[in-house]
Amino acid sequence: MQTEVKICGINSNEALHSAQQAGADYLGFVFFPKSPRHVSLDQASALTRQVKPGIKKVGLLVDVSDDEIRQILTQIPLDILQLHGEESLERVAEIKRTFGLEVMKVFKVSDKKDFENITPFEEVADRFLFDAKPPKGLKNALPGGNAISFDWRLLSGRSWRRPWMLAGGLHCDNIKEALKISGAQAVDVSSGVEESPGVKSSEKIERFTALAKRV
Ligand SMILES: O=C(O)c1ccccc1NCC(=O)[C@H](O)[C@H](O)COP(=O)(O)O
């Protein structure tokens, strides 16, 4: 099966069209105000209207309230809610129950202990995403999208009852190795296909997607 690719942090027409043209399977829209990739509701609405059928629209949310989710969903027809904060098992279940959309829970990884509490989430989330843990010392570190990778060997040979994506510090020069070591069937990239934080590169999107899919 061909590797699935999610391009996260779509915030311009150019990035949207490049990702679609390249063959991305998922497009991520960041609703986290402190992010350089943040999109307003109006921007996200205009962008998501242009998404081709079959490509999943993913909303990246960080510890948001039901009211905030409701406000987003009244304007933007998302397919998947990516929960990138510290959402508990109960909170993930509640979001799934309340909104009835696919939920992708993010787990931040730095060592094998970070996999210990994942199994119960198989009951409440539809998908998992593994991203690097934000470094404690890094000034202005975001909850994700920091261009940092973790040891992909931690994923090797592991399996869950939910599909999962590999994320964190992926780019054109390491994607092949990341896929080989981790065994991922789906990958998520943001910083690695940018010219600078928040500015996507069409050339990198195209190259990354082709490399990920040509394994
Ligand atoms: O991208 C952001 O600005 C961001 C802000 C807050 C939480 C998560 C964020 N990004 C996560 C992602 O873009 C991806 O899902 C992924 O983790 C890859 O990030 P990167 O290391 O930049 O490729």
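In the predicted model, Leu-129 stands opposite Met-165 of strand β7, and this pair belongs to the contact between strand β6, residues 127-132, and β7, which pair in the parallel sense over three bridges. Strand β7 covers residues 164-167, and its side chains alternate in direction, with Trp-164 and Leu-166 pointing one way and Met-165 and Ala-167 the other way, while all four are buried. Strand β7 also pairs in the parallel sense with strand β8, residues 186-189, over two bridges, and here Ala-167 stands opposite Asp-188. The connection between these two strands passes through helix α5, residues 175-182, and together β7, α5 and β8 make a right-handed β-α-β unit.

A similar description can be given for the strands that lie earlier in the chain. Strand β1, residues 4-7, runs parallel to β2 and is joined to it by two bridges, with Ile-7 standing opposite Leu-27 of β2. Between these strands the chain passes through helix α1, residues 13-22, in a β-α-β crossover that is right-handed. Strand β2 is also joined to β3 by five bridges, again in a parallel arrangement, and within this pairing the bridge partner of Val-30 is Leu-60 of β3. The crossover from β2 through α2 to β3 is likewise a right-handed β-α-β crossover.

Strand β2 is largely enclosed by the rest of the structure, because five of its five residues are buried. Both of its faces are covered, since Tyr-26, Gly-28 and Val-30 on one side and Leu-27 and Phe-29 on the other are all buried. Two of these residues, Leu-27 and Phe-29, also appear, together with Ile-7, Ala-19 and Val-187, among the residues that touch the most other members of the largest nonpolar core, which contains 57 residues. In soluble globular proteins, nonpolar side chains tend to be buried together. For Ala-19, the contacts beyond its neighbours within four places in sequence are with Ile-7, Ile-10, Ala-24, Leu-27 and Ile-205.

The ligand is surrounded by 26 residues, of which the closest are Ser-35, Gly-144, Gly-145, Ser-190 and Ser-191. Strands β2 and β8 are the elements that give two or more residues to this shell. By residue class, the shell around the ligand divides into eleven nonpolar, twelve polar and three charged residues.

Several loop residues deserve separate description. Most residues other than glycine have a negative phi. Asp-63, however, has a positive phi of about 45° although it is not a glycine, and Asp-63 lies in the loop between β3, residues 56-61, and α3, residues 66-75. Asp-63 counts as partly exposed because it has 13 C-beta neighbours inside 10 Å, a number that falls between the limit of 12 or fewer for exposed residues and that of 20 or more for buried ones. Ala-147, in the loop between β6 and β7, likewise has a positive phi, in this case near 65°, and with 15 C-beta neighbours inside 10 Å Ala-147 also counts as partly exposed. Pro-33, which lies in the loop between β2 and α2, residues 41-48, is exposed, because 8 other C-beta atoms lie within 10 Å of its own. The C-alpha atoms of Pro-33 and Val-62 are separated by 9.7 Å, although the two residues are 29 residues apart along the chain.

Definitions and conventions: Residues are numbered from 1 along each chain as its sequence is written. This is a predicted model: local features need pLDDT of at least 70, side-chain atom pairs count only at pLDDT 80 or more; totals for chains, interfaces and linings use all residues. Two strands pair if DSSP finds at least two bridges between them. A crossover is right-handed if, with the strands pointing away from the viewer, the path from the first strand over the helix to the second runs clockwise. A nonpolar core is a set of buried Ala, Val, Leu, Ile, Met, Phe, Trp, Tyr and Cys residues joined through C-beta atoms within 7 Å. Two residues are in contact if their C-beta atoms, placed from the backbone, lie within 7 Å. A residue is near a molecule or strand if its C-beta atom, placed from the backbone, lies within 6 Å of it. Ala, Val, Leu, Ile, Met, Phe, Trp, Tyr, Cys and Pro count as nonpolar, Asp, Glu, Lys and Arg as charged, and the others, Gly among them, as polar.
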